[in-house]
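This briefing introduces a structure to a reader who has not met it before. Please view the sequence and the model together with the text.

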There are 2 protein chains.
Amino acid sequence: MTKTGPIDFYFDFISPFGYFASLRIDALGAKHGREVVWRPMLLGVAVLKVMGLKPLLETPLKGEYLTKYAVPRYARLHKVPIDPRRFDEIGMAPVPPARAYWYLFARDPALAKRFAKDVLYGYWAERRDMAQPEALAEIAARHGVGRDEMIAGLHSKAAAERMRAEIDASIARGVFGSPFIIVDDEKFWGADNLEMLDLWLERGGW
Amino acid sequence: MTKTGPIDFYFDFISPFGYFASLRIDALGAKHGREVVWRPMLLGVAVLKVMGLKPLLETPLKGEYLTKYAVPRYARLHKVPIDPRRFDEIGMAPVPPARAYWYLFARDPALAKRFAKDVLYGYWAERRDMAQPEALAEIAARHGVGRDEMIAGLHSKAAAERMRAEIDASIARGVFGSPFIIVDDEKFWGADNLEMLDLWLERGGW
């Protein structure tokens, strides 16, 4: 029987590989007839604490590997829109964009996804600080959401609670990295695993 | 100018993805005319301590992901010779096989590599405890090294010092995972990156 369930796509707005995967995941879903639900989470400020780990970029050896080798190499290979200066200055408060996303998601998931794509582009390609409410409001306005609504929405108790509930649920499902993908209860960690995911969906598992 | 330097292949005998990569790395080197130097290290008992991290399999969320999803899935896809019971019982003192390797390496690197392949097969496919000196001696004997020499060699001060020096050198080069590959000063972490390495060698970088 062909499976048709959605792809849950977990990512942190400030994770480079989360950004890279975001540029490919919808096409991958479409190829296999799967809806893709974007689920921003907070890797550094929430999930890694559960794991008892430091943020990746502050981890000796690994931080340098990511910023000097793995991230620029992947970006060049896949011609990712990114400002190279970002490689050495990754870091932004990820809570405001995540809250804004979940506020919008409750209103319209498709709108929230378009918003998230613009936020990611703003942060990685245009090197904007997307933690600023005005920057988020400016992007929301492109998608028909009024400034005041967006500002109030991202500061709303409902958005904060939804984000917290989503993060708790993600941890309960075993999500510990960005990107992290769950489809048909199968789990895939890392942009380097998108080819494996593609093959998995094509074959229906193995 | 075509580069011809060796591929340094770092792995831990008890790392499943180190084992998986070991089954492909020599063919990859041969394809690109590169010598492959195997460099066993001690991920859990040495490198992760420098990083301030717990062993991967004891890390919440990540441990279960590896043993329940990523490792079995990769093994099935690539038809890796492995006893499935190993997935839930990964763990062996990695020092004896690493010391035995470095003892043999000083004598003959090609011999040491053949030995390492048999040790990995013994541990992963045959589910043997390759921390036992007699098990290491039995494998060494297949390659013409006498039992007493192997036992004495793996307990020798020279082997212990060589292993320690290799680990220190690997950390100085930024090695923090298994497998980890360095070629032409470019670094690749993880079996999921072998395709990237292949492409890198084919194109001469990008």
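The points below cover the contact between two chains and one pocket.

This is a predicted model, in which local features need pLDDT of at least 70, side-chain atom pairs count only at pLDDT 80 or more, and totals for chains, interfaces and linings use all residues. Residues are numbered from 1 along each chain as its sequence is written, chains are lettered from A in the order in which they are written, and side-chain values use heavy atoms, without hydrogens and water.

**Extent of the contact**
- Chain A and chain B each bring 34 residues to the contact, defined by heavy atoms within 4.5 Å.
- About 3200 Å² is buried between chain A and chain B, 65% of it from carbon and sulfur atoms; buried area is the accessible area (1.4 Å probe) that two parts lose on being put together, summed over both.
- In chain A, the residues that lose the most area to chain B are A:Leu61, A:Tyr65 and A:Arg73, together 22% of what that side buries.

**Salt bridges**
- Two salt bridges link chain A and chain B, each a side-chain nitrogen of Lys or Arg within 4 Å of a carboxyl oxygen of Asp or Glu.
- B:Arg73 forms a salt bridge with A:Glu186, and their closest N and O atoms are 2.8 Å apart.

**Second largest pocket**
- A pocket is an open set of points on a 1 Å grid over the protein atoms alone where a 1.4 Å probe fits, with protein on both sides within 12 Å along at least five of seven lines; lining residues have an atom within 4 Å of a point.
- The lining of the second largest pocket comprises 21 residues, and A:Asp192, A:Glu195, B:Asp192, B:Glu195 and B:Met196 lie nearest its centre.
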